Amino acid sequence: MTKMIPPQSVGVVAPQRAEFTEPLALRSGGTLDNYHLVFETYGTLNAERSNAVLVCHALSGSHHVAGTYADAPHNVGWWDNLIGPGKPLDTRKFFVIGVNNLGGCYGSSGPNQINPATGRLWGADFPFVTVEDWVESQARLADQLGIQRFAAVVGGSLGGMQAMSWALQFPERVGHVAVIAAAPKLTAQNIAFNEVARQAILTDPEFHGGHYYAHGVVPARGLKLARMVGHITYLSDDSMAEKFGRSLRHGRNTYSYDVEFEIESYLRYQGDKFAGYFDANTYLLTTKALDYFDPAFEYGGNLPAALARASADFLVVSFTTDWRFSPERSREIVYALLHNKRNVSYAEIDCPAGHDSFLLDETRYHALLSAWFDRIEV
Amino acid sequence: MTAYRYDYEVITQWIEPGEKVLDLGCGDGDLLRHLMQVRQVQGYGVENDPDKLLASVKNGVNVIQMDLEKGLVGLEDGFFDHVIMSLSLQAMHNTQGILHEMLRVGREAVVSFPNFGYWRHRQSILNGRMPVSESLPHQWFNTPNVRFFTIADFDALCEMNGIAVRERLAFDEGKLMLDEPNFLASVAVYRLGRNG
């Protein structure tokens, strides 16, 4: 039977791998002497090399942003609804790149990869990486691909932080930046959620100080709990109420700790699924990168001063029901850019789905992104 | 482009090249686009209607989603050279609040509004019907307008709030009215500043 590829899909894609031998100095003080990045591309780089768009991924994302795999037709990229021929980020116009970040668990150098210096898996010895380190490594990938300047760098959540950091670290190398459902830094509450997630992993008896691979186990319970906590914060109170309410699995109280309420079933299912494919060390590293991100820190907390370096045209988008990365945090970015006389537009999309809204193909949201990408001249 | 609005001409004359401009209720962004082209302003529109916001993005202008009824929280004092509100003041509840905010974040404010004291409007009322005209195109049951005031009313409000009227031009369907503007003009355009 022939598998139908829907129209407007980039179709079957294949990841590529880039090797880097120039040492990368990390913000944490460590150095990666050599490393590799796994990435995918969609569309065609034009002769002027002026139509490249980098899509940065969030906490659990990967380089597989759009399309499917020949050997896994149901493995659809995480932002496939945005990217493709005729979609808002139109691959007939743009050359789109997705990269698995350093420290990730989808093939780029990270805890579940071999440390070239020892010949063993990195595990907990993989150094701490920051948003700035990721951007630095992405710039080196751009060098290898012959891309001097991105038409745009876009991302949601932690990906939005990377997009913002691009404008600060390489202002001359990015024309447009879309910061979606992000923040200029995490709040204490936000760091608190990350810390609960980390403690769940770190205290799992099968964590073994991060060297669980050597023991042939994974801290699945910790990772599951971490994902359950995270998942609660990605949804809104309303969307959870609408989806699950107080629905009971057995139609009555059973006075047990088994699944009773449907929300319990959902969270357990999501947690188990996630623990089955994601890496605990990557989860730890990535939540720390989220916590550390604060470009205004070295400017005494003055965000407008920190953003003065940026020269890109910005689009900032938030979602009304996103309480993990609330509209107020996005507005801080908008006003800081405005007060630097930078070009910036800002939309607050009315969407009930909470933080996860940024992954949906909500009509107004995608119409806005379409209009914004249409404006970009390549 | 939508129909050219004659208050744009006046507003444009009051803007110096290269100014920082904020346009409240910018609609599809046509005025800002115009000011960018002929005055090279660094302009930002404010819209809360998603369709108009989208139209502004398509029009290539900066547009910020904000609910003007909540003021201009987040914008620095005196940052803008001009803060414009073209034919929108009558559609806001928080009239005094927004005027105060405009003059907080801007050196000057530019406000235009339909004059409910225009003679045709008065005539309509005398005939027992709410006015419908070029400047008041809606029926009473579907108008977005929530404040109904005249040029004289606005002058009194400025006086009461210590707002300096630096210039006022009034028009009858595009024609400048120097005499009896409160009776003869359908639209007024004000350039406002802070007293002292």
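What volume does the largest cavity have? The exercises below work through this and related points on a predicted model.

**Exercise 1. Describe the largest cavity by volume and lining.**

Step 1. The volume of the largest cavity is about 70 Å³.

Step 2. Its lining is made up of 16 residues, and those closest to the centre are A:His57, A:Leu59, A:Gly104, A:Thr282 and A:Thr286.

Step 3. Sorted by class, the lining of the largest cavity splits into 8 nonpolar and 8 polar residues, with no charged ones.

**Exercise 2. State how many cavities of 30 Å³ or more the whole structure holds, then characterise the second largest.**

Step 1. The search over the whole structure returns 2 cavities at that cut-off of 30 Å³.

Step 2. The second largest cavity encloses about 40 Å³ of space.

Step 3. Its lining consists of A:Leu54, A:Ile97, A:Val99, A:Gln138, A:Leu141, A:Ala142, A:Leu145 and A:Phe150.

Step 4. Assign these residues to elements. Strand S8 (95-99) and helix H1 (131-144) of chain A each give two or more residues to this lining. H1(A) gives the most, with 3 residues.

Step 5. By class, the lining of the second largest cavity holds 7 nonpolar residues, 1 polar residue and no charged residues.

**Exercise 3. Find the volume of the largest pocket and identify what lines it.**

Step 1. The largest pocket has a volume of about 1100 Å³.

Step 2. Of its 36 lining residues, B:Arg5, B:Lys52, B:Ser86, B:Leu87 and B:Ser88 are the closest to the centre.

Step 3. Two or more residues come from each of helix H1 (6-13) and strand S2 (42-47) of chain B. H1(B) gives the most to this lining, with 3 residues.

Step 4. The class count for the lining of the largest pocket is 16 nonpolar, 10 polar and 10 charged.

**Exercise 4. Repeat the analysis for the second largest pocket.**

Step 1. The space in the second largest pocket is about 950 Å³.

Step 2. The lining has 39 residues, and A:Ser60, A:Trp78, A:Arg227, A:Tyr277 and A:Leu359 lie nearest the centre.

Step 3. The elements of chain A that give two or more residues to this lining are helix H3 (188-202), helix H4 (220-234), helix H5 (237-243) and helix H6 (262-277). H6(A) supplies the largest share, 5 residues.

Step 4. The lining of the second largest pocket divides into 19 nonpolar, 15 polar and 5 charged residues.

**Exercise 5. Quantify the interface of chain A and chain B, and say which element of chain A gives the most to it.**

Step 1. Count the residues in contact. Chain A has 18 residues in contact with 23 residues of chain B.

Step 2. Take the area. The size of an interface is often given as the accessible area lost when the parts come together. Between chain A and chain B about 1800 Å² is buried, with carbon and sulfur atoms giving 60%.

Step 3. Count the polar links. The interface has 14 residue pairs in polar contact, with both residues at pLDDT 80 or more.

Step 4. Locate the elements on the chain A side. Helix H9 (327-338), strand S14 (344-349) and helix H10 (363-375) each give two or more residues to the side that touches chain B. H10(A) gives the most, with 6 residues.

Step 5. Class the residues on this side of chain A: 10 are nonpolar, 3 polar and 5 charged.

**Exercise 6. Count the salt bridges between chain A and chain B and over all chains, then explain what the pair B:Arg107 and B:Glu19 ties together.**

Step 1. Side chains of opposite charge can pair when their charged atoms come close. The count between chain A and chain B is 1 salt bridge.

Step 2. Its partners are B:Asp51 and A:Arg364, with an N to O distance of 2.7 Å. This distance falls within the 4 Å cut-off for a salt bridge.

Step 3. Over all chains, the count comes to 21 salt bridges.

Step 4. In one of these, B:Arg107 pairs with B:Glu19, and the closest N and O atoms are 3.5 Å apart. B:Arg107 lies in strand S5 (residues 106-114) of chain B, whereas B:Glu19 lies in the loop between H1 and strand S1 (20-24) of chain B, so the salt bridge ties together parts that are 88 residues apart in sequence.

Terms used. Residues numbered from 1 in each chain as written. Chains lettered and ligands numbered in written order. Heavy atoms only, no water. Contact = heavy atoms within 4.5 Å. Buried area = accessible area lost by both parts, 1.4 Å probe. Salt bridge = Lys/Arg side-chain N within 4 Å of Asp/Glu carboxyl O. Polar contact = N/O pair within 3.5 Å; in protein donor to acceptor, adjacent residues only side chain to side chain. Helix = DSSP H or I, 4+ residues; strand = E, 2+ residues; numbered from the N terminus. Nonpolar A, V, L, I, M, F, W, Y, C, P; charged D, E, K, R; others polar. 1 Å grid on protein atoms, 1.4 Å probe; cavity = no way out; pocket = protein on both sides within 12 Å on 5 of 7 lines; lining within 4 Å. Points joined across faces, edges and corners; volume = space filled by probe spheres on them.
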